Amino acid sequence: MKLATLRTADGTRAVRLDGDVLVDLGHSDLGELFAQPDWQTQAQAKSAASGVTYPVDGADFAPVVPNPSKVVCVGHNYTDHIKEMGRDLPAHPTLFPKFADTLLGANDDLVKPAETDALDWEVELAVVIGKQVRRSDEQQAADAIAGFTVMNDISVRDWQFRTIEWTQGKIWEATTPVGPYVVTPDEVGGTRPALQVTTTVDGQVMQQDDTGTLLFDPVFLVQYISTVITLRPGDIIATGTPAGVGNARDPKVFLLPGQTVVTEITGLGTCTNKVAEA
(Lines give C-alpha, C1' and ligand atoms only; values in the text may rest on other atoms or scores of the structure.)
Protein backbone atom coordinates (compact mmCIF):
# COMPACT_ATOMS: atom_id res chain seq x y z
CA MET A 1 0.00 0.00 0.00
CA LYS A 2 0.95 3.62 -0.57
CA LEU A 3 -0.47 5.83 2.17
CA ALA A 4 -0.36 9.60 2.60
CA THR A 5 -1.70 12.56 4.53
CA LEU A 6 -3.54 14.92 2.22
CA ARG A 7 -4.42 18.56 2.82
CA THR A 8 -8.04 19.28 1.88
CA ALA A 9 -10.42 22.20 2.28
CA ASP A 10 -11.76 20.44 5.39
CA GLY A 11 -8.39 19.70 6.98
CA THR A 12 -5.92 16.87 6.56
CA ARG A 13 -7.03 13.33 5.71
CA ALA A 14 -5.30 9.94 5.75
CA VAL A 15 -5.54 8.41 2.27
CA ARG A 16 -4.47 5.36 0.25
CA LEU A 17 -3.37 5.51 -3.36
CA ASP A 18 -5.73 3.55 -5.61
CA GLY A 19 -4.92 4.07 -9.27
CA ASP A 20 -5.42 7.75 -10.06
CA VAL A 21 -7.33 8.56 -6.88
CA LEU A 22 -6.63 8.84 -3.16
CA VAL A 23 -9.13 6.98 -0.99
CA ASP A 24 -10.13 8.58 2.32
CA LEU A 25 -9.34 6.16 5.18
CA GLY A 26 -11.53 7.78 7.82
CA HIS A 27 -8.73 9.37 9.86
CA SER A 28 -7.33 12.87 9.96
CA ASP A 29 -3.74 11.79 9.21
CA LEU A 30 -1.46 8.77 9.10
CA GLY A 31 -0.36 9.24 12.70
CA GLU A 32 -3.97 8.75 13.80
CA LEU A 33 -4.35 5.76 11.46
CA PHE A 34 -1.17 4.02 12.66
CA ALA A 35 -2.34 4.38 16.27
CA GLN A 36 -5.12 1.88 15.48
CA PRO A 37 -4.10 -1.73 16.27
CA ASP A 38 -5.76 -2.91 13.06
CA TRP A 39 -4.57 -0.08 10.84
CA GLN A 40 -3.53 -2.42 8.01
CA THR A 41 -7.00 -3.93 7.85
CA GLN A 42 -8.65 -0.52 7.97
CA ALA A 43 -6.41 0.83 5.22
CA GLN A 44 -7.05 -2.14 2.94
CA ALA A 45 -10.81 -2.26 3.54
CA LYS A 46 -11.67 1.15 2.08
CA SER A 47 -12.45 1.14 -1.63
CA ALA A 48 -12.70 3.87 -4.22
CA ALA A 49 -16.16 2.61 -5.16
CA SER A 50 -17.65 2.94 -1.68
CA GLY A 51 -15.83 5.88 -0.10
CA VAL A 52 -14.66 9.47 -0.45
CA THR A 53 -11.85 9.98 -2.97
CA TYR A 54 -9.59 12.79 -4.11
CA PRO A 55 -7.66 13.09 -7.39
CA VAL A 56 -3.94 12.38 -7.31
CA ASP A 57 -3.40 15.09 -9.90
CA GLY A 58 -2.76 18.32 -8.02
CA ALA A 59 -2.81 16.63 -4.59
CA ASP A 60 -1.49 18.81 -1.77
CA PHE A 61 0.51 16.41 0.39
CA ALA A 62 1.16 17.24 4.04
CA PRO A 63 4.11 15.64 5.83
CA VAL A 64 3.19 11.95 5.95
CA VAL A 65 2.85 12.19 9.74
CA PRO A 66 2.24 15.86 10.58
CA ASN A 67 2.79 15.52 14.33
CA PRO A 68 5.02 12.57 15.21
CA SER A 69 5.94 12.26 18.86
CA LYS A 70 9.57 12.13 17.75
CA VAL A 71 11.80 12.20 14.68
CA VAL A 72 15.12 10.45 15.27
CA CYS A 73 17.83 11.01 12.66
CA VAL A 74 20.94 8.96 12.01
CA GLY A 75 24.20 10.52 10.90
CA HIS A 76 27.13 8.78 9.17
CA ASN A 77 25.35 5.70 7.88
CA TYR A 78 26.69 5.38 4.30
CA THR A 79 30.35 4.46 3.93
CA ASP A 80 31.08 6.93 1.11
CA HIS A 81 29.49 9.84 2.97
CA ILE A 82 31.47 9.06 6.12
CA LYS A 83 34.68 9.11 4.10
CA GLU A 84 33.83 12.40 2.36
CA MET A 85 33.27 14.00 5.75
CA GLY A 86 36.71 12.75 6.87
CA ARG A 87 35.53 10.43 9.64
CA ASP A 88 36.11 6.81 10.69
CA LEU A 89 33.35 4.22 10.36
CA PRO A 90 31.31 4.34 13.57
CA ALA A 91 30.76 1.39 15.91
CA HIS A 92 27.31 2.71 16.89
CA PRO A 93 24.69 4.90 15.23
CA THR A 94 25.02 8.66 15.61
CA LEU A 95 21.61 10.03 16.64
CA PHE A 96 20.07 13.49 16.74
CA PRO A 97 16.46 14.75 16.92
CA LYS A 98 14.13 16.70 14.73
CA PHE A 99 10.70 18.02 15.68
CA ALA A 100 7.28 18.18 14.07
CA ASP A 101 7.67 21.90 13.33
CA THR A 102 10.69 21.05 11.16
CA LEU A 103 8.64 19.03 8.64
CA LEU A 104 7.35 20.07 5.20
CA GLY A 105 5.10 18.43 2.64
CA ALA A 106 6.65 16.67 -0.33
CA ASN A 107 5.96 19.51 -2.78
CA ASP A 108 6.03 22.53 -0.46
CA ASP A 109 8.34 25.47 -1.08
CA LEU A 110 11.55 25.34 0.96
CA VAL A 111 12.11 28.83 2.35
CA LYS A 112 15.82 29.51 2.83
CA PRO A 113 16.35 30.93 6.32
CA ALA A 114 17.63 34.50 6.14
CA GLU A 115 20.28 33.63 8.72
CA THR A 116 22.25 31.24 6.49
CA ASP A 117 24.00 30.95 3.15
CA ALA A 118 24.87 27.29 3.77
CA LEU A 119 21.62 25.43 3.08
CA ASP A 120 22.42 21.83 2.12
CA TRP A 121 20.52 18.79 0.81
CA GLU A 122 20.47 15.23 2.23
CA VAL A 123 18.27 12.54 0.67
CA GLU A 124 17.31 9.89 3.22
CA LEU A 125 15.26 6.72 3.51
CA ALA A 126 12.89 7.32 6.42
CA VAL A 127 11.29 4.57 8.48
CA VAL A 128 7.76 5.17 9.80
CA ILE A 129 6.70 3.28 12.92
CA GLY A 130 3.33 1.51 12.97
CA LYS A 131 3.40 -0.20 16.37
CA GLN A 132 4.64 0.82 19.80
CA VAL A 133 7.91 -0.86 20.75
CA ARG A 134 10.44 -0.66 23.56
CA ARG A 135 13.60 -2.78 23.79
CA SER A 136 12.49 -4.73 20.74
CA ASP A 137 14.14 -7.87 19.44
CA GLU A 138 14.81 -8.26 15.72
CA GLN A 139 11.36 -9.63 14.86
CA GLN A 140 9.52 -7.07 16.98
CA ALA A 141 11.54 -4.32 15.32
CA ALA A 142 10.65 -5.56 11.84
CA ASP A 143 6.98 -5.89 12.80
CA ALA A 144 6.95 -2.30 14.08
CA ILE A 145 7.85 -0.83 10.68
CA ALA A 146 4.71 0.50 8.99
CA GLY A 147 6.65 1.48 5.90
CA PHE A 148 9.16 3.82 4.32
CA THR A 149 9.13 7.33 2.91
CA VAL A 150 11.46 9.94 1.43
CA MET A 151 13.04 12.65 3.57
CA ASN A 152 15.26 15.55 2.59
CA ASP A 153 17.18 16.25 5.79
CA ILE A 154 17.95 19.85 4.91
CA SER A 155 20.89 21.10 6.95
CA VAL A 156 21.96 24.62 7.87
CA ARG A 157 25.67 23.86 7.81
CA ASP A 158 27.09 27.04 9.32
CA TRP A 159 24.85 26.62 12.36
CA GLN A 160 25.38 22.85 12.47
CA PHE A 161 29.13 23.24 12.91
CA ARG A 162 29.05 26.10 15.41
CA THR A 163 29.52 23.44 18.09
CA ILE A 164 30.42 19.73 18.19
CA GLU A 165 26.70 18.92 18.63
CA TRP A 166 24.68 19.16 15.39
CA THR A 167 21.09 19.79 16.48
CA GLN A 168 20.93 23.55 15.91
CA GLY A 169 21.75 23.02 12.24
CA LYS A 170 19.08 20.36 11.78
CA ILE A 171 15.89 21.70 13.36
CA TRP A 172 15.09 24.88 11.45
CA GLU A 173 11.37 25.40 11.15
CA ALA A 174 9.64 24.09 8.01
CA THR A 175 12.83 22.91 6.29
CA THR A 176 12.49 19.11 6.08
CA PRO A 177 10.36 17.70 3.25
CA VAL A 178 8.99 14.22 3.99
CA GLY A 179 6.67 12.19 1.77
CA PRO A 180 4.70 11.97 -0.37
CA TYR A 181 3.80 8.40 0.62
CA VAL A 182 4.46 5.83 3.29
CA VAL A 183 4.98 2.64 1.31
CA THR A 184 4.49 -0.66 3.14
CA PRO A 185 7.48 -3.06 3.23
CA ASP A 186 5.81 -5.69 1.04
CA GLU A 187 5.98 -3.27 -1.92
CA VAL A 188 9.73 -2.55 -1.65
CA GLY A 189 11.33 -5.88 -0.82
CA GLY A 190 10.81 -6.08 2.93
CA THR A 191 12.07 -4.25 5.99
CA ARG A 192 15.68 -4.08 4.74
CA PRO A 193 15.07 -2.71 1.24
CA ALA A 194 17.77 -2.02 -1.36
CA LEU A 195 16.46 1.08 -3.13
CA GLN A 196 18.20 3.73 -5.20
CA VAL A 197 18.32 7.16 -3.55
CA THR A 198 18.97 10.28 -5.62
CA THR A 199 19.21 14.04 -5.17
CA THR A 200 19.16 16.48 -8.07
CA VAL A 201 19.44 20.27 -7.96
CA ASP A 202 18.05 21.97 -11.07
CA GLY A 203 18.39 18.62 -12.84
CA GLN A 204 22.02 17.99 -11.87
CA VAL A 205 22.59 14.74 -9.97
CA MET A 206 24.22 15.48 -6.62
CA GLN A 207 23.69 12.24 -4.69
CA GLN A 208 23.11 8.65 -5.81
CA ASP A 209 23.45 5.47 -3.78
CA ASP A 210 21.56 2.36 -2.65
CA THR A 211 19.95 1.79 0.75
CA GLY A 212 21.33 -1.74 0.67
CA THR A 213 24.69 -0.18 1.59
CA LEU A 214 23.52 1.33 4.88
CA LEU A 215 25.86 0.48 7.75
CA PHE A 216 22.95 0.23 10.19
CA ASP A 217 19.80 -1.06 8.48
CA PRO A 218 16.21 -0.10 9.37
CA VAL A 219 15.52 -3.13 11.55
CA PHE A 220 18.72 -2.63 13.53
CA LEU A 221 17.91 1.05 13.99
CA VAL A 222 14.45 0.28 15.39
CA GLN A 223 16.06 -2.18 17.81
CA TYR A 224 18.78 0.26 18.83
CA ILE A 225 16.59 3.35 19.25
CA SER A 226 13.81 1.45 21.01
CA THR A 227 16.39 0.38 23.60
CA VAL A 228 16.81 4.05 24.47
CA ILE A 229 13.23 5.28 24.20
CA THR A 230 9.75 4.01 23.33
CA LEU A 231 8.94 4.28 19.64
CA ARG A 232 5.29 5.10 19.02
CA PRO A 233 3.02 4.83 15.97
CA GLY A 234 3.84 7.65 13.57
CA ASP A 235 7.38 8.19 14.81
CA ILE A 236 9.97 8.65 12.07
CA ILE A 237 13.56 7.43 11.82
CA ALA A 238 15.72 9.07 9.14
CA THR A 239 18.42 6.56 8.24
CA GLY A 240 21.18 8.88 7.00
CA THR A 241 22.41 10.33 3.72
CA PRO A 242 24.95 9.16 1.12
CA ALA A 243 27.92 11.00 -0.36
CA GLY A 244 27.39 14.10 -2.48
CA VAL A 245 26.27 16.75 0.00
CA GLY A 246 27.12 20.34 -0.90
CA ASN A 247 29.21 20.95 2.20
CA ALA A 248 31.70 18.23 1.22
CA ARG A 249 32.31 19.56 -2.31
CA ASP A 250 35.33 21.62 -3.32
CA PRO A 251 34.30 24.35 -3.64
CA LYS A 252 31.27 24.00 -1.39
CA VAL A 253 27.86 24.29 -3.09
CA PHE A 254 24.65 25.30 -1.32
CA LEU A 255 21.01 25.82 -2.25
CA LEU A 256 19.92 29.22 -3.55
CA PRO A 257 16.48 30.81 -3.98
CA GLY A 258 14.94 29.88 -7.31
CA GLN A 259 16.54 26.45 -7.46
CA THR A 260 14.56 23.21 -7.29
CA VAL A 261 15.85 20.32 -5.21
CA VAL A 262 14.43 16.86 -5.92
CA THR A 263 14.98 13.89 -3.61
CA GLU A 264 13.79 10.53 -4.90
CA ILE A 265 13.82 6.91 -3.75
CA THR A 266 12.86 4.15 -6.16
CA GLY A 267 9.43 2.77 -5.30
CA LEU A 268 8.67 5.42 -2.68
CA GLY A 269 8.25 8.63 -4.66
CA THR A 270 9.73 12.08 -4.91
CA CYS A 271 9.98 15.26 -2.88
CA THR A 272 10.17 18.24 -5.25
CA ASN A 273 10.83 21.52 -3.48
CA LYS A 274 11.51 24.96 -4.89
CA VAL A 275 13.86 27.08 -2.79
CA ALA A 276 12.21 30.39 -1.93
CA GLU A 277 13.55 33.64 -0.48
CA ALA A 278 12.67 34.30 3.17
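The following passage describes the nonpolar cores, one buried loop residue and the pairing of strand 14 in a predicted model.

Residues are numbered from 1 along each chain as its sequence is written, and side-chain values use heavy atoms, with hydrogens and water left out. Local features need pLDDT of at least 70 and side-chain atom pairs count only at pLDDT 80 or more, whereas totals for chains, interfaces and linings use all residues.

The largest nonpolar core (buried Ala, Val, Leu, Ile, Met, Phe, Trp, Tyr and Cys residues joined through side-chain atoms within 4.5 Å; buried means under 20% relative accessible area with a 1.4 Å probe, protein chains only) has 38 residues. Leu-22, Val-222, Ile-237, Ile-265 and Leu-268 have the most contacts inside this core. Elements that each supply at least two of its residues include strand 1 (2–8), helix 4 (138–143) and helix 6 (218–228); helices (H or I, at least four residues) and strands (E, at least two) are DSSP runs, numbered from the N terminus. A second, separate core of 24 residues includes Leu-30, Val-71, Phe-96 and Ala-126.

Thr-116 lies in the loop between strand 8 (110–111) and strand 9 (119–120). Thr-116 counts as buried because its relative accessibility is 1%. Beyond neighbours within four places in sequence, Thr-116 is in contact (heavy atoms within 4.5 Å) with Val-156 and Asp-158.

In strand 14 (residues 196–201), five of six residues are buried. Strand 14 runs antiparallel to strand 15 (residues 204–210), to which six bridges join it; strands pair if DSSP finds at least two bridges between them. Thr-200 has Val-205 as its bridge partner in strand 15. These two strands form a hairpin with two residues between them, and Asp-202 in the turn has a positive phi of about 50°. Strand 14 also pairs with strand 17 (residues 260–265), antiparallel over five bridges, where Thr-263 is the bridge partner of Thr-199.

Key
Buried means under 20% relative accessible area, exposed over 50%, partly exposed in between (1.4 Å probe, protein chains only).
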